[in-house]
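Good morning, and thank you for making time for this presentation. I would ask you to keep the sequence and the structure in view while I speak.

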Protein chains: 2
Amino acid sequence: MSIIVQKYGGTSVATIDKIKSVAKLLIERKEAKYKVVAVVSAMGNTTDKLIGMANEISKNPSKRELDMLISTGEQITSSLLAMALKEMGHDSIALTGFQAGIVTGNQHTKAPILDIHIDRIRRSLDQGKIVIVAGFQGVDEYGNITTLGRGGSDTTAVALAAKLECPCEIYTDVKGIYSTDPAIYPDAKKLDYISYEEMMEMASLGAKVIETRAVEMGKKYSVPIYIALNDGKTSGTYIKELDEFMETKVITGLTTNDDDLMVTINNVLYDPKYIYDIFHRLSSMDINIDMISQTAPVGGYVNISFTAPKDSKDSINKLVGELRITAREMKIDIQEDITKISVVGLGMKTQSGVASRIFKIFADNDIEFKQVTTSEIRISYTINTKDKEKAILKIAEEFNL
Amino acid sequence: MSIIVQKYGGTSVATIDKIKSVAKLLIERKEAKYKVVAVVSAMGNTTDKLIGMANEISKNPSKRELDMLISTGEQITSSLLAMALKEMGHDSIALTGFQAGIVTGNQHTKAPILDIHIDRIRRSLDQGKIVIVAGFQGVDEYGNITTLGRGGSDTTAVALAAKLECPCEIYTDVKGIYSTDPAIYPDAKKLDYISYEEMMEMASLGAKVIETRAVEMGKKYSVPIYIALNDGKTSGTYIKELDEFMETKVITGLTTNDDDLMVTINNVLYDPKYIYDIFHRLSSMDINIDMISQTAPVGGYVNISFTAPKDSKDSINKLVGELRITAREMKIDIQEDITKISVVGLGMKTQSGVASRIFKIFADNDIEFKQVTTSEIRISYTINTKDKEKAILKIAEEFNL
């Protein structure tokens, strides 16, 4: 008998009726002769409500206790789902992260999974039980409850599938992975397949269907991941290792991100130590820098641009203010209305010319770009936010997304 | 440094503001040089809400999963309280039943505490932390979450105090233990002291301030229990072993209970085996019989009366209907408007005449009583509910309650 791990997100289990519907889907799968493990998130906005209570007590609540608090959300869903299955005549067992043997580091609110003692789940499956696991949580070596951070339930599901050596299905409120955001480009196509690498690039660039971390784990342990709507009908997207002989598209996906601003510092002393010092200070302030570019030195000075999260504006201004005490020639310019637009595709590894085709699109359509960075399977540009829709439309047409 | 275990019930922690107030009380105690352990219940009506969700899924939800579900209530309160303490600058740690080392039997929804591995609590106290324990819960030997049943948080608190060899304070929404219900007899006195035995009798007779089970454990391990209002001002009631040389009142308390009906079966064949069979059948039907009385046999027949919970009426009628198939002379009479009135007092052990003083009160005031049973420190009567207030008033006056 094959094993399958399924994950149901917060909207799929938001009400008692929805929990009953999930129970029926699990029973269908069991009756198709599968051993079923289901990982569940907290019901609807439960986690937000719990965090709200914590914030009434403290702006910066103790992380250990925050984990203990918010982990109750998934515990509630899992026990209700197991109850529903038993009520429908199918034996089931609900397990907290601890009971499921999920051992993590002690980095509360963002703990990595270190190991899973899988025996109890295996034993329960062998007894014919549908196993329900509370997602998003584990315990550290001292038995403290931890949570896994953003997208934690996806990570729980993929990690269990890795340990059980079986595929993982993630049911959510979108139909699958799209080549670009259908809200902006309605003709965007749902992908049947995407490689782990492409999905990781897209997820890290802001495609919110699944967290990078879960995909990374899927890649590491070769877990095929299937993402689909929770309606048992519409077909979704497989994330897996793509056969290298398969014909790959040059570009699989296009993502955009409006959360950053672009900082340009003019007249920076051209001294690698001095420039290192600037970036070191930014990193000490926990400011996540991206897309660094630098002009060639003129008269011993360079201009440096980089993108950073919008909420770091004040910190960056403060830092440059301090630097100008000893370097009054330095000038700072911050642009807030910028968008990072990225194209991702395994095909770029073998096909060149993608960057120049996009440069041509920008030139033909009067789209000004400010920065460009590339990786093996990704090219990102910084453009003005006002040009975003036009850029998406033209790139999507050009590459048939 | 002395250790103290305190317990705060659901109304004391019903809101975030109330949780903050409890935190302040704990800090006061810590600053008075105590090592403090606090046991907390679920906030307000949280447990009822969770049970409501379970009942939307099943009329008879899986008990294992029900325990997993409702235990989240206390987990939430404990993590919020520890957060509040840390926010106020006092180190604290919240522990679930499992983390607190509370090992129970596997009788879900009414598990007995088997042992407490107290090391983690002791270590945390030694590190100067205020320890918050989620009440009402534990784990069985396989790590399944269990709950302790009615009054479970009181039992958690007293059991921890037993293990830590320290006193236990239970903060609640009443001022303490009263000689009788102040709602019926406004002159009722709050007791400064009551013995474990008296409290157990009163609790089992329906005085709802603390469960019999917690008092029983207090007696077994000689844990002094203090019950008081959660306002840090009004003095409450101590439950403890009373010094035998202390002057004890003849009667400490008076309780009443309207939850039973009185069943009389006339013309029962006077055969001990036959009578045993009747009571055996009642007990197999989980009907909790009390106050059995039997008349002397006349012509080979006796009349038997007993009290039983009001909701067992149909089952009892059905049973007698079955018995009448082979014993048509048998007749059943069920009276619903009856009240069980009991007086409790250690003094009865040494002073006689209490029963006759009460018989005189009944005779002087036209109060008809139907049954009487006695134990070493208790006398109970069945009377008509219409006479309840008069009986309470007259007995309270006679014995200066």
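**Sheets, helices and the relation of two chains**

In chain B, the residue B:Val263 has B:Ile334 of strand β17(B) as its bridge partner. Before I build on that pair, please note that this is a predicted model.

The pair belongs to a longer match: β14(B), residues 260-269, and β17(B) are joined by five bridges in the antiparallel sense. Which strands accompany them in the sheet? The open sheet has four strands in the order β15-β16-β14-β17 of chain B, and the pairing is antiparallel. At its edges stand β15 (290-294) and β17 (331-335) of chain B, each of which pairs on one side only. On average, neighbouring strands in this sheet are turned by 15° against each other, direction ignored. Helix α9 of chain B, residues 313-324, lies across β14, β16 (301-309) and β17 of chain B. The helix α9(B) runs at about 5° to β14(B).

Further along chain B there is a second antiparallel pair, made of β19 (residues 369-375) and β20 (residues 378-384), with six bridges between them. One bridge partnership there is that of B:Thr373 with B:Ser380 in β20(B). The connection from β19(B) to β20(B) is a hairpin through two residues.

Let me now turn to chain A. An open sheet of eight strands is found here, in the order β3-β6-β2-β1-β9-β11-β12-β10, and its pairing is mixed. The strands β3 (92-95) and β10 (193-194) of chain A each have a single partner strand, so one side of each has no neighbour in the sheet. Within the sheet, β1(A), residues 2-8, and β9(A), residues 168-172, pair in the parallel sense over four bridges. In that pairing, A:Lys7 has A:Ile170 of β9(A) as its bridge partner.

Which strands does helix α1(A) touch? Helix α1 of chain A, residues 16-31, packs on the sheet and touches β1, β2 (34-40) and β6 (130-134) of chain A. The direction of α1(A) makes about 155° with that of β2(A). Helix α4 of chain A, residues 119-126, also packs on the sheet, touching β1, β2, β3 and β6 of chain A. Its direction makes about 150° with that of β6(A).

Two other helices of chain A pack on each other: α5(A), residues 152-164, and α7(A), residues 212-220, at an angle of about 10° and with axes 8 Å apart. The two helices α5(A) and α7(A) are therefore roughly parallel. Among the residues that make the contact are A:Val158 and A:Ala162 of α5(A) and A:Met217 of α7(A).

Is helix α8(A) well covered or hardly covered? Helix α8(A) is hardly covered, with a count of zero buried residues among its 13. This helix, residues 272-284, reaches 18 Å from its first C-alpha to its last, close to the 18 Å expected at 1.5 Å a residue. A:Asp286 follows α8(A) and has a positive phi, near 60°.

Finally, how are the two chains related? Chain B is superposed on chain A by a rotation of 179° with 0.1 Å of shift along the axis, at an RMSD of 0.2 Å. The two copies are thus related as by a two-fold rotation axis. Which residue of chain B comes closest to that rotation axis? It is B:Thr72, whose C-alpha lies at 2.7 Å. Of the interface residues of chain B, 100% are also interface residues in chain A, so the copies meet through the same surface.

Note on methods: Residues are numbered from 1 along each chain as its sequence is written. Chains are lettered from A and ligands numbered from 1 in the order in which they are written. This is a predicted model: local features need pLDDT of at least 70, side-chain atom pairs count only at pLDDT 80 or more; totals for chains, interfaces and linings use all residues. Copies are superposed by least squares on the C-alpha atoms of residues with pLDDT of at least 70 in both. Two residues are in contact if their C-beta atoms, placed from the backbone, lie within 7 Å. Two strands pair if DSSP finds at least two bridges between them. Axes are lines fitted to C-alpha atoms, for helices over the stretch in contact, and angles run from 0 to 180 degrees between N-to-C directions. The expected span of a helix is 1.5 Å times one less than its number of residues. A residue is buried if 20 or more other C-beta atoms lie within 10 Å of its own, exposed if 12 or fewer, and partly exposed in between; C-beta atoms are placed from the backbone. Angles under 35 degrees count as roughly parallel, over 145 as roughly antiparallel, 65 to 115 as roughly perpendicular and the rest as oblique.
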